[in-house]
Amino acid sequence: MDERTTLRQKALWWIAGAAVLIYALFPVAWIVSLSFKSAADLGNRQFLPADAVLDNYEMILVGDAQTLFLSALRNSIGIAVIATFLAVLLSTFCAYAIARLEFPGKKVILTTALAVAIFPVISIVTPLFNLWRHIGLYDTWPGVIIPYLSLTLPISIWTLSAFFRQIPWELEQAAQVDGATTWQAFRRVIVPLATPGVFTTAIISFFIAWNDFVYGISLTSTEAARPVPAALAFFTGASQFEDPAGAIAAAAVIVTIPVVVLVLLFQRRIVSGLTQGAVKG
Amino acid sequence: MAAITMRNVVKQYGDGFPAVNDINLDIADGEFVILVGPSGCGKSTLLRMIVGLEDITSGDLFIGDTRVNEKAPRDRNLAMVFQNYALYPHLTVFENIAFPLRLQKLDDAEIERRVHGAAELLELVEHLGRKPANLSGGQRQRVAMGRAIVRQAQAFLFDEPLSNLDAKLRGQMRTEIARLQKRLGITTVYVTHDQVEAMTLGDRVAVLRKGILQQVASPRELYREPVNLFVAGFIGSPPMNFIPAVVSAGELNTPFGAMRLPDSRSPELDGKDIVLLGARPESFDDAAIVSDAVRDHGVTFEANIDVIEWLGNEQYAYVPYEAPDDIRDQLADLERELDSEALRTQLVVGLDTASQIAENSTASLWLDLRQVHVFDPVSGFNMTARDVNVDESAGATAV
């Protein structure tokens, strides 16, 4: 391959990459720009705001929409964190058993987990709505967390059991020969190796819970449990004739921040190459 | 350091299959013993039983004077090098080597001193800060050895430690292991399926077949006096030739003519119709260049040579021949057990490199009858082997 083809290939890759980036990030950029536009500016058919203002952020954080947004933010954070914690805890146990132990019904568990994930959310939500109302879970945190587990558990079990299968379990035996007790071998060798997988799973299931809309809007009715994606639909403008798009955009930007922060914080821990070099490689 | 003693050791799996069957073996303090055999012979299982990773179904295992059957691996104070090294990927080379010492709760200065000592011995000093992922195969192997030697354990156990290295590195590390063991003088049990490792490293070699100990002897003795067909076929490369022979009136009729064995090699043949003659490739030679002084000790015969392999320091000629079906089947079975496959019955003949015999020709070959073994095809016993090595090897059982 001569240099010219490499250069051309490089250029093509850059162009293709840029195209994908623009396609993916343009709507985000638009929402950011929208969030800085004043109410009069919203329909100006321009990408950049004529005059960047913080009105929209003011409105949702300290203004009229404050109660609606801040309570929704609190609900979202609480529900997503609890749902993630439960999903990771349960799926760690489950995946450990699937990766390490031989027992009848192993396949059944994995297939069931997949089957649960196949059900469209929209088909479950109506019966769930009725059931929750009867047993008093409607518009409560547990009432949202439980359906979220049905979304996060299957994927957590699958990713974690795939990850655990790659761990060279022979290391546990090596540690025991080196003088470790079963517990020491687990804590000093297996846990450090399993951590990146657990973190990856936690982040994936946090995103799923954080981004859900259908359960959020169908199983809640007040600020007691309504998460942000659902609350966005209830925003109104300053008057009923005003477009709430600016406020919605501002709220969308704010709820995106934790996701970005999480990825930036943990991307180093998600390094999957950590187990390389244990064995021959 | 300590001796390792096995008394009637048995490993039976859940389905009743005995992976290791009634092993008696005494490994002296400071001795280097090799466990060798084809895959599935139970050699790795036996090693894992010594270290405590497999339960012992019955029998007794002693390390020093202590019975250790029920002891956990960590209480046996043995160091093991695994086939795939089993390094801890999240720890640096230093911490990998220090791992057993940290578990012993030694103080930092002592750990530092011992790890550096081991690193110097293994030339790992400049790699101490790196992670295993960034090391070459040979370096990883040395780290695994380092982790074993800092322990000052009672014995070293190696489970095919060189099988993941390429051929050149394997040769170097083999010498390195031999040197290290001599220097430290520590009892060592080494599992391998590689003959070269088995022959060069061990003070004694234990050959296993289907969980049963066949013969325990020095490499030299194993090669010269194999107790049965299995050992004879397993040790040596190219392997020993087995030639069917019909017994008649003190002579052996082979596909290559009648042979009369010298007295030193004549076992009691009464009641036997057919025996197998075992002859190593180097017992043959080109009849044209055999010196007259030894010619009378052997027999000369004509043979059709179809292929010749010239290797520089030696050359091998291949002589296909027809054998009776039942013998042929038996030899094929033996080959299969030895992890190889016999496509045809043939002689592998070692020739002097000076020999001018051409491929696809009929040549006159010479076989040194003083080095021939006679095997009972039914029991597999070597009828010419002196009985001494059976007694000497502490309960070695032959099939």
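What percentage of the 399 residues of chain B count as buried? In this predicted model, the share of buried residues in chain B is 54%. The C-alpha atoms of the chain occupy a box of roughly 75 × 45 × 40 Å when taken along the principal axes. Its secondary structure consists of 11 helices and 21 strands. Among the contacts in chain B with a separation of 6 or more, 71% are made by residues 24 or more positions apart.

The domain assignment divides chain B into domain 1, covering residues 4–224, and domain 2, covering residues 238–381. The centres of domain 1 and domain 2 of chain B, taken over C-alpha atoms, are separated by 38 Å. Seven residues from domain 1 of chain B and six residues from domain 2 of chain B take part in the contact. The peptide bond that joins B:Ser237 and B:Pro238 is cis, with omega at about -5°. B:Pro238 belongs to the loop between α8 (229–234) and β11 (241–248) of chain B.

Nonpolar packing was examined next. In soluble globular proteins, nonpolar side chains tend to be buried together. The largest nonpolar core comprises 58 residues, and those with the most contacts inside it are B:Ile34, B:Ile97, B:Val115, B:Tyr190, B:Val207 and B:Phe242. At least three residues of this core come from each of domain 1 (4–224) and domain 2 (238–381) of chain B. Another core, of 54 residues, lies apart from the largest one and includes A:Phe163, A:Leu171, A:Val177 and A:Ala180.

Within the largest core, the surroundings of B:Ile34 can be described in detail. When residues up to four places away in sequence are not counted, B:Ile34 touches B:Tyr190, B:Thr192, B:Glu197, B:Ala198, B:Leu201, B:Gly202, B:Arg204, B:Val205 and B:Ala206. One of these partners, B:Tyr190, is itself listed among the residues with the most contacts inside the core.

Internal space was also considered. Rolling a probe the size of a water molecule over the atoms shows where empty space is left. The count comes to one cavity of 30 Å³ or more. About 30 Å³ of space lies in the largest cavity, and its lining is formed by B:Phe156, B:Phe158, B:Ile177, B:Leu180, B:Gln181 and B:Thr188. Two elements of chain B, β7 (155–159) and α5 (167–184), each give two or more residues to this lining. The largest share, three residues, comes from α5 of chain B. By residue class, the lining of the largest cavity contains four nonpolar and two polar residues, with no charged residue.

Individual positions in loops of chain B differ in their accessibility to the probe. B:Ile56 is found in the loop between α1 (43–51) and β4 (58–63) of chain B. The relative accessible area of B:Ile56 is 16%, so this residue counts as buried. Apart from its neighbours within four places in sequence, B:Ile56 contacts B:Val9, B:Val10, B:Met49, B:Leu61 and B:Asn69. The last of these, B:Asn69, is 13 residues from B:Ile56 in sequence, and the C-alpha atoms of the two lie 6.5 Å apart in space.

Two further loop residues of chain B have positive phi values without being glycine. For B:Glu123, phi is near 55°. This residue is placed in the loop between α3 (108–121) and α4 (137–149) of chain B. B:Glu123 counts as exposed because its relative accessibility is 59%. For B:Lys210, phi is about 50°, and its place is in the loop between β9 (204–209) and β10 (212–217) of chain B. B:Lys210 likewise counts as exposed, because its relative accessibility is 54%.

In chain A, A:Arg100 lies in helix α3, which covers residues 66–100. A:Arg100 counts as partly exposed because its relative accessibility is 30%. Neighbours within four places in sequence aside, A:Arg100 is in contact with A:Trp169 and A:Glu172. A:Arg100 is 85 residues from A:Ile15 in sequence, and 46 Å separate the two residues in space, C-alpha to C-alpha.

Note on methods
Residues are numbered from 1 along each chain as its sequence is written. Chains are lettered from A and ligands numbered from 1 in the order in which they are written. This is a predicted model: local features need pLDDT of at least 70, side-chain atom pairs count only at pLDDT 80 or more; totals for chains, interfaces and linings use all residues. Side-chain values use heavy atoms; hydrogens and water are left out. A nonpolar core is a set of buried Ala, Val, Leu, Ile, Met, Phe, Trp, Tyr and Cys residues joined through side-chain atoms within 4.5 Å. Buried means under 20% relative accessible area, exposed over 50%, partly exposed in between (1.4 Å probe, protein chains only). Domain bounds come from an automatic or database domain assignment. Contact means heavy atoms within 4.5 Å. On a 1 Å grid over the protein atoms alone, a cavity is a set of points where a 1.4 Å probe fits but cannot get out, and a pocket is an open set with protein on both sides within 12 Å along at least five of seven lines; lining residues have an atom within 4 Å of a point. Grid points are joined across faces, edges and corners, and a volume is the space filled by probe spheres set on the points. Helices (H or I, at least four residues) and strands (E, at least two) are DSSP runs, numbered from the N terminus. Ala, Val, Leu, Ile, Met, Phe, Trp, Tyr, Cys and Pro count as nonpolar, Asp, Glu, Lys and Arg as charged, and the others, Gly among them, as polar.
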